[in-house]
Amino acid sequence: MALIEVKVPDIGDFDEVAIIEVLVKAGDTVKAEQSLITVESDKASMEIPSSHAGVVKELRVALGDKVSTGSLVLMLETADVGAAASATAVPVAAPVATPIAEPAATMAPASAAAAVVAPGPIEITVPDIGDFDEVAVIELLVKVGDTVKAEQSLITVESDKASMEIPSSHAGVVKSLLVKLGDKVAKGTPIAVLEGVGGAAVAPAAAPASAPVSAPAVASAEVAAPVAAVAAAALPAHQPGTPSAALPHASPSIRKFARELGVPLAEVKGSGFKGRITQTDVQNFVRTVMTGSLQTVAQQAKAPAAGSEGAFPGLLPWPKVDFAKFGPIERKDMSRIKKISGANLHRNWVVIPHVTNHDDADITELEAFRVQLNKENEKSGVKVTMLAFMIKAAVAALKKFPEFNASLDGDQLVMKNYFHIGFAADTPNGLVVPVIKDADKKGIFQISQEMSELAKKARDGKLGPADMSGGCFSISSLGGIGGKYFTPIINAPEVAIMGVCKSTIEPKWDGQAFQPRLMLPLSLSWDHRVIDGASAARFNVYFASLLADFRRIVL
């Protein structure tokens, strides 16, 4: 056994940074590259990893301490004698991501720093961010029309190990933003275009130290078991990964941990240094919500300790079967999308009192019109689908019945004056719900084109959080597969969802004879806490009438 010192690696041009989280304690066994502490400057938060594996013998830092490159973090007992020797000689074994540093005189000659910038458009790009191929944009700090100073932060980006703010290299007025929330950016990616106001250009920012990005945050055993048992059934409505208006005060690993559990960090009160959100805060939030929202779920979470193995109180435990004794089996891990959507669907089904109304819409004339449109616009490359018409019909129905365009917030209803319509998209990895934003302001062709683009991104696994957030009402279509009716699960925090199945030719009496008509089955699920049965029936009838005669859409 050998005792080695683990020190802060090169963190760039920062003289000192504050410790805002201590992630280990004496006696803990840590792996190489496991995060030990989280530090924060005015521009970024970053996690300092261990250079070796071993057992923590003594912590040499505490919350609030200031550290810099070479500061002693802890003493680690390791069996790797060779590693201990090398650690003494070279204290920096695994550098971590450093944010964009302050301008360094060595990075550009004085003549360049003093160069005069003529007024005109200036493209601002992402500077050198080390070894990261791509990082996600999690916060936009400016908007078009804002006047910014040189070195003022424009966006916040995040990797597995660090979040950092990207500053402007020039002063000016923001003419256009070239990135949006959820986008992936890398060195050289254009961020914004400024209208220069003249003056001196700043020297390029110093390059941050490189960092390993292969060590994602892992949920601890303490919270994994109860969360798995309840399948997040009582968590509040939340789109994992959706950035809030103000970035929660939490480290990258804590934000990742919260996204995996579906916890909205904006609603979590931090107990750490300077109000920092800790892993314990996230765990306590889950427990509190389960206790306050659904008593049976809280009891279910305690059930495993009592030997009932996750069953609801009063029910038999979930059967444990050795399937292999009956024949050959194969075990497969669920995809990440199915894990997240499954937990959300379970929560929504248990918490929301669902009622589903079924009806039929006569789409004979509308389908003929759709086919005619596609023939006339064949060269445009945009194929109009029936779902595009249903999205426009949903907007009209939401305007007529505004309680369907609401969300519950405690004892209040949030009535929305915008119309973002989600549509369920089936992918090889599971179900996702892209959202058509401001559908009321778009025509059938534009909606069809956006749907096609979003569906492709979904199949390719490239949908970002911004593509799936902000929905008011969702449509789940099984028309390409079959079926008659089903009970779609409401996509919280929405209060209703429309399910449609495959249309069929059916005989309908016109008063004199039976006529063949193309009928589309509708299944409207609604939240009985917000909507009553009469309103739901009227909504369904009105929705069907719009599809039967689309001229009503202009009334």
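This tour goes through two sheets, the cysteines, a buried aspartate and a few backbone exceptions.

The model is predicted, so local features need pLDDT of at least 70 and side-chain atom pairs count only at pLDDT 80 or more, while totals for chains, interfaces and linings use all residues. Residues are numbered from 1 along each chain as its sequence is written, and side-chain values use heavy atoms, with hydrogens and water left out.

**First sheet**

Select residues 2-7, which are β1, and 29-30, which are β3. Helices (H or I, at least four residues) and strands (E, at least two) are DSSP runs, numbered from the N terminus. β1 and β3 are the edge strands of an open four-stranded sheet with the order β1-β8-β6-β3 and antiparallel pairing. Two strands pair if DSSP finds at least two bridges between them. Now add residues 72-78, strand β8, which runs antiparallel to β1 and is joined to it by six bridges. One point to pick out is Leu-3, whose bridge partner in β8 is Glu-77.

**Second sheet**

Move to another open sheet of four strands, ordered β9-β16-β14-β11 and paired antiparallel. β9 (121-125) and β11 (147-148) each have a single partner strand, so one side of each lacks a neighbour in the sheet. Select 190-196 to see β16, which is antiparallel to β9 and shares five bridges with β9. Ile-122 has Leu-194 as its bridge partner in β16.

**Cysteines**

Select Cys-472: its relative accessible area is 0%, and it is buried. Cys-501, at 3%, is also buried. Buried means under 20% relative accessible area, exposed over 50%, and partly exposed in between (1.4 Å probe, protein chains only). How many disulfides does a search of the whole structure find? The search finds zero, a disulfide being a pair of cysteine sulfur atoms within 2.5 Å.

**Asp-467**

Asp-467 lies in the loop between α10 (444-459) and β24 (473-477). At 12% relative accessible area, Asp-467 is buried. Show its contacts (heavy atoms within 4.5 Å). Leaving aside residues up to four places away in sequence, Asp-467 touches Val-433, Pro-434, Val-435, Leu-454, Lys-457 and Lys-462.

**Backbone exceptions**

Most residues other than glycine have a negative phi, and most peptide bonds are trans. Glu-151, in the loop between β11 and β12 (153-158), has a positive phi of about 75 degrees and is buried at 19% relative accessibility. Asp-438 has a positive phi of about 50 degrees; this residue sits in the loop between β23 (435-436) and α10 and is partly exposed at 28%. Finish at Pro-493, in the loop between β24 and β25 (496-500), where the peptide bond from Ala-492 is cis, with omega near 10 degrees.
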